Each structure stands twice: as C-alpha cells, then as structure tokens.
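Grab a pencil and have the viewer open. Let's work through a few exercises together, one step at a time.

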Amino acid sequence: MKKSKIGKTLPVPGLLQEDPLAPLSATATEGDGPVPQLNLANHFLIAMPSMQDPVFGGTVVYVCEHNENGVLGVVINKPTDMTMQVLFERIDLKLEGDQDSAVDQPVMFGGPVQDDRGFVLHTPGQRYSSSLTVTSEVAFTTSIDVLEAVASGDGPPRMLVSIGYSGWSPGQLEDEIGRNGWLTVGADPEILFGVPIEQRYTAAIRLLGIDPLMLASEAGHA
C-alpha cells in the first residue's frame with residue numbers, strides 16, 4: 001500500500017483550527033466574482049470529460065453548502081489508499097463488534113482544502129457536536145463524535161468518510177460552470193452511499209439523461 005500523506009498524529013474532526021462550516025473565504029481559493037445567484041446545495045458537480053485539472057478531473061462533488069460565503073463540497077469518487085481500519089488505528093479508536101464491512105471501506109479524497117483532516121457525509125439521525133443537515137437524507141459532520149459512534153457500533157447506517165473537502169470562494173464556482181467546467185444535477189443519495197465508487201461518475205451523468213459515452217465523444221471533438 002502506498003504511504004499516505006496523512007501523518008500518524010492525524011488531526012481529526014472536532015479538532016479543526018478552522019471550522020469548514022464557518023465562512024469559506026479564508027480557506028477556499030480566492031476568486032473575484034458576483035455573489036451567487038443560485039443554490040447548488042444537495043447537487044452533484046460532475047467534471048466535464050475535457051477537464052484536465054489533476055485534482056478535479058473525472059470527479060463528482062457533492063455540494064453540502066452554497067451561500068454568499070462560497071461553496072463547500074466533498075469529492076465522492078476519488079478513494080485514497082487509506083481504509084477505515086487504518087484511519088481508526090491512527091486516531092486510537094477501535095471498531096467494536098462485527099464491522100467487517102466498515103473495516104475495508106476506503107476513505108475518500110474529499111478535496112484539497114484541509115486535506116489532513118477528516119469529514120463525514122452520512123444519513124442524519126443522531127446529534128453530533130458539529131454537524132450540518134443538508135437534507136433529510138444527508139448530513140455533513142466535522143466532529144469526532146460521529147467516528148466514536150461508528151467505533152462503538154452506533155454510527156450512521158450509511159456514510160462516506162473523506163480526508164479534506166472542496167471549497168470555492170463567492171462567484172468562483174459559477175465562473176467555472178460558465179466556462180463549461182462542470183455539469184450540475186440534483187443529487188441522489190443512493191449514488192452517494194450505495195453505488196460502487198468506480199460507477200458513481202457514470203451514474204451521476206445518467207441523472208441528466210445523458211449517455212456518458214456520447215458526452216466523452218463530444219468533449220474529444222471540442
């Protein structure tokens with residue numbers, strides 16, 4: 001297994017120096033654009049096949065929050081070389097009971113912002129100390145108590161754990177969409193939690209009623 005960039009003393013949710021649920025302008029890449037006129041929370045951002053960006057090329061991003069401070073999202077189809085078992089070992093938590101399915105689950109690369117820290121997308125229910133409820137089916141938590149609940153066998157029934165998140169300053173994402181960098185579509189929680197990682201990009205594109213092969217062909221002739 002490749003060596004992870006995450007150090008042994010992994011900073012964990014709940015110990016953040018900067019709260020991602022606070023205004024994003026301090027941590028997102030700066031951009032000069034108008035205040036957002038649309039709200040893409042609970043949408044997928046689908047990178048166009050023509051996008052050559054080494055970070056976002058080929059990705060699907062779930063947007064957790066979109067307001068006048070910018071955009072916060074998590075890449076959902078770019079696994080790291082770290083499994084949940086390795087993550088829990090590094091934060092000194094032991095998975096109790098029969099949780100074989102959780103042990104081998106890969107941790108996602110959620111984005112380039114705070115990429116040494118953990119974040120969790122999950123089904124709502126139990127209260128956690130630092131959590132944003134996006135919809136009745138998706139919440140975003142930055143505090144370690146959600147991982148403690150998972151370790152004890154009382155965690156959310158469905159979840160996605162990431163290292164880092166994706167952030168855009170006001171107007172930046174709108175500009176990228178206007179330059180045909182991204183497709184947008186209302187999110188489907190089943191793609192987020194149930195569809196195999198390698199199939200999520202294609203599944204997200206199909207939500208638009210587009211054949212992914214046709215889209216790739218058009219991009220190749222652009």
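Below are five exercises, each with a worked solution.

Before you start, note that this is a predicted model, in which local features need pLDDT of at least 70, side-chain atom pairs count only at pLDDT 80 or more, and totals for chains, interfaces and linings use all residues. Residues are numbered from 1 along each chain as its sequence is written, and side-chain values use heavy atoms, with hydrogens and water left out.

**Exercise 1. Take stock of the protein.**

Step 1: Look for the helices and strands. The protein has seven helices and ten strands; helices (H or I, at least four residues) and strands (E, at least two) are DSSP runs, numbered from the N terminus.

Step 2: Check burial. Of the 222 residues, 48% are buried, where buried means under 20% relative accessible area, exposed over 50%, and partly exposed in between (1.4 Å probe, protein chains only).

Step 3: Look at contacts, meaning heavy atoms within 4.5 Å. Taking contacts between residues at least 6 apart in sequence, 72% join residues at least 24 apart.

**Exercise 2. Find the largest nonpolar core.**

Step 1: Know what to look for. A nonpolar core is a set of buried Ala, Val, Leu, Ile, Met, Phe, Trp, Tyr and Cys residues joined through side-chain atoms within 4.5 Å.

Step 2: Pick out its members. The largest core has 31 residues, and Phe 44, Tyr 62 and Leu 192 are among those with the most contacts inside it.

Step 3: See who contributes. Elements giving two or more residues include strand 1 (43-47), strand 2 (60-67) and helix 5 (189-193). Helix 6 gives the most, with four residues.

Step 4: Look elsewhere too. Another core of 19 residues lies apart from this one, with Met 82 and Val 150 among its members.

**Exercise 3. Which strands pair with strand 6?**

Step 1: Recall the rule: two strands pair if DSSP finds at least two bridges between them.

Step 2: Try strand 9. Strand 6 pairs with it in the antiparallel sense over six bridges, and Val 120 sits opposite Val 161 there.

Step 3: Try strand 8 (residues 139-141). Three bridges join it to strand 6, again antiparallel, with Leu 121 partnering Phe 140.

Step 4: Check cover. Eight of the ten residues in strand 6 are buried.

**Exercise 4. Is Arg 200 with or without a salt bridge?**

Step 1: Locate Arg 200, which is in helix 6.

Step 2: Apply the test. A salt bridge is a side-chain nitrogen of Lys or Arg within 4 Å of a carboxyl oxygen of Asp or Glu. Arg 200 is buried and has none; the nearest side chain of opposite charge, Glu 198, is 7.5 Å away (Lys and Arg count as positive, Asp and Glu as negative; His and the chain ends are not counted).

Step 3: See what the side chain of Arg 200 does reach. The backbone oxygen of Ile 76 is at 2.5 Å, and that of Ile 191 lies 3.3 Å from one of its polar atoms.

**Exercise 5. Describe the surroundings of Ala 41.**

Step 1: Place Ala 41 in the segment before strand 1.

Step 2: Judge its cover: Ala 41 is partly exposed, with a relative accessible area of 23%.

Step 3: Find a partner from elsewhere in the sequence. Cys 64 is 23 residues away along the chain, yet the C-alpha atoms of Ala 41 and Cys 64 are 5.2 Å apart. Setting aside neighbours within four places in sequence, Ala 41 is in contact with Val 63, Cys 64, Glu 65 and His 66.

How values were computed
Polar contact = N/O pair within 3.5 Å; in protein donor to acceptor, adjacent residues only side chain to side chain.
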